[in-house]
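Q: Please take a close look at the ligand site in this structure. Set it in the context of the whole fold first.

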Amino acid sequence: MIRLGRFHYPDPVVVLAPMAGVSDRPFRSLCQRYGADFSVAEMVSAKPDLMHTALSKTRLQFDEDPNYPKIVQLVGGEPALMAEAAQVMQARGADVIDINMGCPAKKVGKQSAGSALLADLKQVEAILCATVNAVTIPVSVKTRLGFNDDTYTLAEMTRIAQDCGIALLSVHGRTRAQRFRGQACYEPIAEVKANTQLPVIVNGDISSAEQANRLIDDYGFDGVMIGRAAQGNPWLFAECQARINTRSLPTITPHQDIAEHIHALHALYGRQGVFIARAHLHHYYRQYPDYQREHRPRINQACNEAEQTALIQLFAKAA
Ligand SMILES: Cc1cc2nc3c(=O)[nH]c(=O)nc-3n(C[C@H](O)[C@H](O)[C@H](O)COP(=O)(O)O)c2cc1C
């Protein structure tokens, strides 16, 4: 059972992972339409000079649908700045603040933020407590197993999170040192889940409804978080909800959904939209048997919204 302010989830949740450059407003809306219980927006820096850039403003655009919480993810290494940024986000209408303690990117690590913090649990504690105390909305944390492969700090991190009043923990089953290498490991997350009052969502390499259901059945997680496997397949959320929570499968309209997604990207990003839409189109069509010969070159050649939309129609006719 997960409670995030006025949002209650009695059943295991299936959620979209935060992905910078991917989990923007159009993609979050699409995933939510197909059953994602909620989604975490792309990270924004807590540093005041970075929080108000054009990029951050785009990342902080939310659907007005009141059925889904607006979850803002903050990244930063200074407790006072994190607290201040959380207050700004609450005033702007955020329903939940998520703290990024999992990102291994060098740019983030240089600021002693993201997963770099896992080497300094005292600082983790200071950040979590300062943020929770600064706002009245719930604060969640997204993290990894630990900093190095030989020292999993997740159990200690969970104790700190619980003591600081964190509402929800999401864990990617890799260490910072692993980045995206190897396989996600779920047992250490299950061990923590068995010993905490905190709701725990498992993340990492989840790519099918069967796998998601098995993780919940075997380990009792409060939910699954899906990132890369949702790119090009937002319908995966419907399959997961059917398998895990016995919801009926909705009618899926792939080509129409893709066209609407592409249109929404152009509306949000303007001139940049063509590049972002192109990346999504590659994800949508790369499972097709003729992708390399047929879809890939055509997607690369389409230079504006009209050409991309015409391609989707062409691919739909050929399917
Ligand atoms: C392109 C990309 C961008 C990401 N951006 C973020 C981010 O902004 N914040 C965050 O906490 N994690 C970020 N992640 C990590 C994902 O949320 C997730 O933890 C990771 O991809 C493992 O889950 P998956 O195997 O389901 O993709 C990103 C991952 C990818 C691939």
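A: The protein has 319 residues and a radius of gyration of 19 Å, which agrees with the value near 20 Å for a compact globule of that length. That radius is taken over C-alpha atoms, and the globule rule is 2.2 Å times the number of residues to the power 0.38. The C-alpha trace spans about 55 × 45 × 40 Å along its principal axes.

This is a predicted model: local features need pLDDT of at least 70, side-chain atom pairs count only at pLDDT 80 or more, and totals for chains, interfaces and linings use all residues. Residues are numbered from 1 along each chain as its sequence is written, and side-chain values use heavy atoms, with hydrogens and water left out.

Now the ligand. There are 16 residues around it (a heavy atom within 4 Å). Pro18, Gln73, Asn203, Asp205 and Arg228 come nearest. The shell divides into 7 nonpolar, 6 polar and 3 charged residues. Here Ala, Val, Leu, Ile, Met, Phe, Trp, Tyr, Cys and Pro count as nonpolar, Asp, Glu, Lys and Arg as charged, and the others, Gly among them, as polar.

Polar contacts are pairs of N or O atoms within 3.5 Å. A backbone N or O atom of Gly227 lies 2.8 Å from a ligand oxygen. For a backbone N or O atom of Met43, the distance to a ligand oxygen is 3.4 Å. The side chain of Asn100 places an N or O atom 3.3 Å from a ligand nitrogen. Taken alone, the ligand exposes 610 Å², and the protein buries 87% of that (Shrake-Rupley method, 1.4 Å probe).

How values were computed. A polar contact is a pair of N or O atoms within 3.5 Å; within protein, one must be able to donate a hydrogen and the other to accept it, and residues adjacent in sequence count only if both atoms are side-chain atoms.
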